[in-house]
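This report describes strand pairing, nonpolar cores and the largest pocket, in that order. The structure under discussion is shown first.

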Amino acid sequence: IVVLSHLGYTDGGYGYGFPVYGDQTLAARLDTAGKPANLIIGGHSHTDLPAATTVGSTKIVQAHYNGRKVGRADITVSDNGTVSITWTRLTVSTSGAQDAAIQALVAGYAADPDYLALMNQIIGYSKVALVRNSNGDSMMGDFVDDVIYNALNSDGTAANDVDMFFNNPGGLRTDIACPTCPATPVALTYGLLYNVLPFGNQAI
């Protein structure tokens, strides 16, 4: 049994705004309940674990963040059901030779005229900086919520009309600065807004 977790390594929540059990507590509680997981692969806290942590019969691992490390789990299940796990943490080199074919592929995408036209398409303008706050209201959160709320209530489909809209601040991935505002508004391009909302979430 492998659990893919986004709780963080230790208790705390890491910006959720309320207490959250971490992977170590999760492993201990599952073990106490007699339903242990064999492996918990965690995230969210970006913990740089040099090796797997063992809680009860569960191994807990995490591979840092943003591609800095890659974790490999070799799982062996014997005929009698016994499970053994070997975890290897691999550090990604930033000084080795890059793959020329991959570089060429990325460069081709980045220079594609249709892609550039879409990314540079201006959607609107803002006279203020749009900044996030993971623990409360923010200008960016209000902006995104208002946009989605108004879009749902003005598309001509009664079934989409809503009275209230909630959004997860963790899904807002970057701020939009406006150093010369309000004198010179910042242009909100498709690419800039894609950086803010990159996940393709759907309003339901």
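In this predicted model, Thr53 of β3 stands opposite Ile60 in β4. Strand β4 also has a partner in β2, where Ile41 stands opposite Val61 of β4. The two pairings are set out below.

| Strand pair | Direction | Bridges |
|---|---|---|
| β2 (residues 39–41) and β4 (residues 58–61) | parallel | three |
| β3 (residues 53–55) and β4 | antiparallel | three |

A hairpin is formed by β3 and β4, with two residues between the strands; in its turn, Gly56 has a positive phi of about 65°.

**Nonpolar cores**

Ten residues make up the largest nonpolar core: Leu130, Met140, Val144, Leu172, Ile176, Cys178, Cys181, Val186, Leu188 and Val196. At least two of these core residues come from each of α4 (139–153) and β8 (186–189). A second core, separate from this one, has seven residues, among them Tyr9, Ala37, Ile40 and Val55.

Cys178, a member of the largest core, touches Ser126, Lys127, Val128, Ala129, Thr184, Pro185 and Val186, when residues up to four places away in sequence are not counted.

**Largest pocket**

The volume of the largest pocket is about 840 Å³. It is lined by 31 residues, of which Val144, Ile148, Asn167, Leu197 and Asn201 are the closest to the pocket centre. Two or more lining residues are given by each of β7 (122–126), α4 and α5 (190–196); α4 provides the largest share, six residues. By residue class, the lining comprises 22 nonpolar and nine polar residues, with no charged residue. Val144 thus belongs both to the largest nonpolar core and to the lining of the largest pocket.

Note on methods: Residues numbered from 1 in each chain as written. Predicted model: local features only at pLDDT ≥ 70, side-chain atom pairs only at ≥ 80, totals over all residues. Heavy atoms only, no water. Core = buried A, V, L, I, M, F, W, Y, C linked by side-chain atoms within 4.5 Å. Buried < 20%, exposed > 50% of the residue type's maximum accessible area, 1.4 Å probe, protein only. Helix = DSSP H or I, 4+ residues; strand = E, 2+ residues; numbered from the N terminus. Contact = heavy atoms within 4.5 Å. 1 Å grid on protein atoms, 1.4 Å probe; cavity = no way out; pocket = protein on both sides within 12 Å on 5 of 7 lines; lining within 4 Å. Points joined across faces, edges and corners; volume = space filled by probe spheres on them. Nonpolar A, V, L, I, M, F, W, Y, C, P; charged D, E, K, R; others polar. Pairing = 2+ DSSP bridges.
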